[in-house]
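Ever wondered how a structural label gets earned? Have a look at the model, then follow the reasoning one step at a time.

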Amino acid sequence: AADSRMDLAAVKWVAVAPVDGSTAIHSSIMLNRRSTGELLATMDADPITAARTAAMSAIAAQHLARPDSRSIAFIGCGTQARSH
């Protein structure tokens with residue numbers, strides 16, 4: 001993603017690896033000055049990804065649920081289940 005008005009560019013790196021019979025997923029965000037490429041920050045994106053994924057599920061539920069719906073259920077495990 002890039003924003004010329006803020007002079008920022010960002011990239012999200014997602015690493016998926018088999019670990020002890022399951023799958024480990026980790027992500028990082030690198031933020032750069034758009035005009036020079038200077039690295040401004042490197043961030044752990046796991047918490048950001050978890051919050052964004054849960055937020056998108058909530059927005060989808062608001063727009064796709066029947067108007068008379070009063071509850072929602074999520075079935076999952078790991079980080080996504082906790083964030084939801």
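Here are some questions and answers about this predicted model.

Q: Why do we say that strands β3 and β4 pair?
A: Two strands pair if there are at least two bridges between them. β3 (residues 22-33) and β4 (residues 39-44) have 5 bridges, in the antiparallel sense, so they count as paired. For one of these strands' residues, Met30, the bridge partner in β4 is Thr42.

Q: What do β3 and β4 form, and how many residues are between them?
A: They form a hairpin, with 5 residues between the strands. Gly37 sits in the turn and has a positive phi of about 80°.

Q: Why is the contact of Glu38 and Arg33 called a salt bridge?
A: The cut-off is a side-chain nitrogen of Lys or Arg within 4 Å of a carboxyl oxygen of Asp or Glu. For Glu38 and Arg33 the N to O distance is 3.2 Å, so the label fits.

Q: How many salt bridges does a search of the whole structure find?
A: It finds 3. Among them are Asp3 with Arg5, at 3.7 Å, and Asp68 with Arg66, at 3.1 Å.

Q: What makes Arg5 buried or exposed?
A: Exposed means over 50% relative accessible area. Arg5 has 76%, so Arg5 is exposed.

Q: How do you know which label, exposed or partly exposed, goes to Asp68 and which to Arg66?
A: Partly exposed lies between 20% and 50%. Asp68 is at 49%, so Asp68 is partly exposed. Arg66 is at 57%, so Arg66 counts as exposed.

Note on methods. Residues are numbered from 1 along each chain as its sequence is written. This is a predicted model: local features need pLDDT of at least 70, side-chain atom pairs count only at pLDDT 80 or more; totals for chains, interfaces and linings use all residues. Side-chain values use heavy atoms; hydrogens and water are left out. Helices (H or I, at least four residues) and strands (E, at least two) are DSSP runs, numbered from the N terminus. Buried means under 20% relative accessible area, exposed over 50%, partly exposed in between (1.4 Å probe, protein chains only).
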